[in-house]
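The following exercises are to be solved from the sequence and the coordinates shown below. Each task is followed by a worked solution.

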Amino acid sequence: MKASDEQLVFAWLLSLAPDHDPAVAAGNLVEHYEGAGRKASMPSLLNLLSEVAAYPRERLLRVRSKRRRRR
């Protein structure tokens with residue numbers, strides 16, 4: 001059975017060291033593969049990684065702190 005792109009990204013996220021920002025790592029991968037001209041061969045996977053890259057820790061902390069203020 002072949003893993004879906006979502007499963008691959010999730011497994012990759014789980015494999016990262018706790019001190020490594022997933023957004024930075026995902027951005028690096030997207031940049032590498034787009035720069036190598038490989039975007040056409042895996043657009044769905046790179047789109048998922050781009051979503052992860054859009055939410056660095058700083059942005060997630062802002063979202064989390066806003067949610068806590070509402071209580």
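**Exercise 1.** Determine which backbone nitrogen the side chain of Asp21 reaches, and describe the surroundings of Asp21.

*Solution.* Step 1: the side chain of Asp21 reaches the backbone nitrogen of Ala23 at 3.0 Å. The model is predicted: local features need pLDDT of at least 70, side-chain atom pairs count only at pLDDT 80 or more, and totals for chains, interfaces and linings use all residues. Residues are numbered from 1 along each chain as its sequence is written, and side-chain values use heavy atoms, with hydrogens and water left out.

Step 2: Asp21 lies in the loop between helix H1 (5-15) and helix H2 (22-35).

Step 3: Asp21 is buried (under 20% relative accessible area, 1.4 Å probe, protein chains only). Asp21 has no salt bridge (a side-chain nitrogen of Lys or Arg within 4 Å of a carboxyl oxygen of Asp or Glu); Arg57, the nearest side chain of opposite charge, is 4.6 Å away.

Step 4: residues up to four places away in sequence aside, Asp21 touches Pro56 and Arg57 (heavy atoms within 4.5 Å).

**Exercise 2.** Identify which helix supplies the largest share of the largest nonpolar core.

*Solution.* Step 1: this core (buried Ala, Val, Leu, Ile, Met, Phe, Trp, Tyr and Cys residues joined through side-chain atoms within 4.5 Å) has nine residues, including Val9, Ala26, Val30 and Val52.

Step 2: H2 and helix H3 (43-53) each supply at least two residues of this core; the largest share, five residues, comes from H3.

Step 3: beyond its neighbours within four places in sequence, Val52 contacts Val9, Leu13, Pro22, Ala23 and Ala26.

Notes: Helix = DSSP H or I, 4+ residues; strand = E, 2+ residues; numbered from the N terminus. Buried < 20%, exposed > 50% of the residue type's maximum accessible area, 1.4 Å probe, protein only. Lys, Arg positive; Asp, Glu negative; His and termini not counted. Polar contact = N/O pair within 3.5 Å; in protein donor to acceptor, adjacent residues only side chain to side chain.
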